[in-house]
Amino acid sequence: MRTWMTAAVLALSLGTTGHERVATQKSVPKRSPVTPLGEAHAGSQVVLARVGKHEIAYVADEDDAVIHIVDTEGPTEIGTAPLPGRPGQLVVLPDGRVVAAIRGGAEVVTLRIPPGNAAKLEPEASFPTAPEPIGLATTPDGKMLLVASGWGRSLSIIDLATGKE
């Protein structure tokens, strides 16, 4: 896993994914020191965020059911966050939360970075979805989460403020 994770982080850091890597500054509430980097509206198995002065990569690891937290300077793994199942895609919300689709189940989970601790993700909430959520995206304003489900053959739209579909 470590070799794949290092290669993914380096590819994203060097901009060799075929997509132009442009840092975007989203409107982030003052309570969050986290800023999504790149196209924060689309999910991926590797997502980037700026946490304070650090560029952090969050890497979904289906084998170990965790998110690896990697400081791209180095790159150096600084922590892991256990999940209730195998993560598929991840997305960083404009307010700094990280959302993970739990592939083996029927849910997405949100995690929050505690103040002053970029090496940790704390579980915040869980939202039910159709079976096997495989794709994540947010609306441009970051208020709605779109979840595509494989076995459920559906698209769920979750209001992130209320948690309701």
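Strand 10 and strand 11, the latter spanning residues 144-149, pair in the antiparallel sense over five bridges. One of these contacts joins Gly135 to its bridge partner in strand 11, Ala148. The model in which this pairing appears is a predicted one.

The two strands belong to an open sheet of three strands, arranged in the order 10-11-12 with antiparallel pairing. Strand 10 (133-138) and strand 12 (154-159) stand at the edges; each has a single partner strand, so one side of each is left without a neighbour in the sheet. From one strand to the next, the twist averages 25°.

Attention may now turn to the charged side chains. The count of salt bridges comes to six. Among them is the contact between Glu132 and Arg103, whose closest N and O atoms are 3.1 Å apart. This pair links distant parts of the chain, 29 residues apart: Glu132 lies in the loop between strand 9 (122-128) and strand 10, and Arg103 in the loop between strand 7 (98-102) and strand 8 (107-112). Glu132 is buried, because its relative accessible area of 17% falls under 20%. Arg103, at 25%, is partly exposed.

A similar description applies to Glu55 and Arg50, whose side chains meet in a salt bridge at 3.7 Å, N to O. Here Glu55 is buried, with a relative accessible area of 14%, whereas Arg50 counts as partly exposed at 31%.

Arg97 and Asp95 also meet through their side chains in a salt bridge, at 2.9 Å from N to O. Arg97 is buried at 10% relative accessible area, and Asp95 counts as buried at 12%. Together with Arg112 and Glu124, Asp95 and Arg97 are linked in a network of salt bridges.

Terms used. Residues are numbered from 1 along each chain as its sequence is written. This is a predicted model: local features need pLDDT of at least 70, side-chain atom pairs count only at pLDDT 80 or more; totals for chains, interfaces and linings use all residues. Side-chain values use heavy atoms; hydrogens and water are left out. Two strands pair if DSSP finds at least two bridges between them. Helices (H or I, at least four residues) and strands (E, at least two) are DSSP runs, numbered from the N terminus. Axes are lines fitted to C-alpha atoms, for helices over the stretch in contact, and angles run from 0 to 180 degrees between N-to-C directions. A salt bridge is a side-chain nitrogen of Lys or Arg within 4 Å of a carboxyl oxygen of Asp or Glu. Buried means under 20% relative accessible area, exposed over 50%, partly exposed in between (1.4 Å probe, protein chains only).
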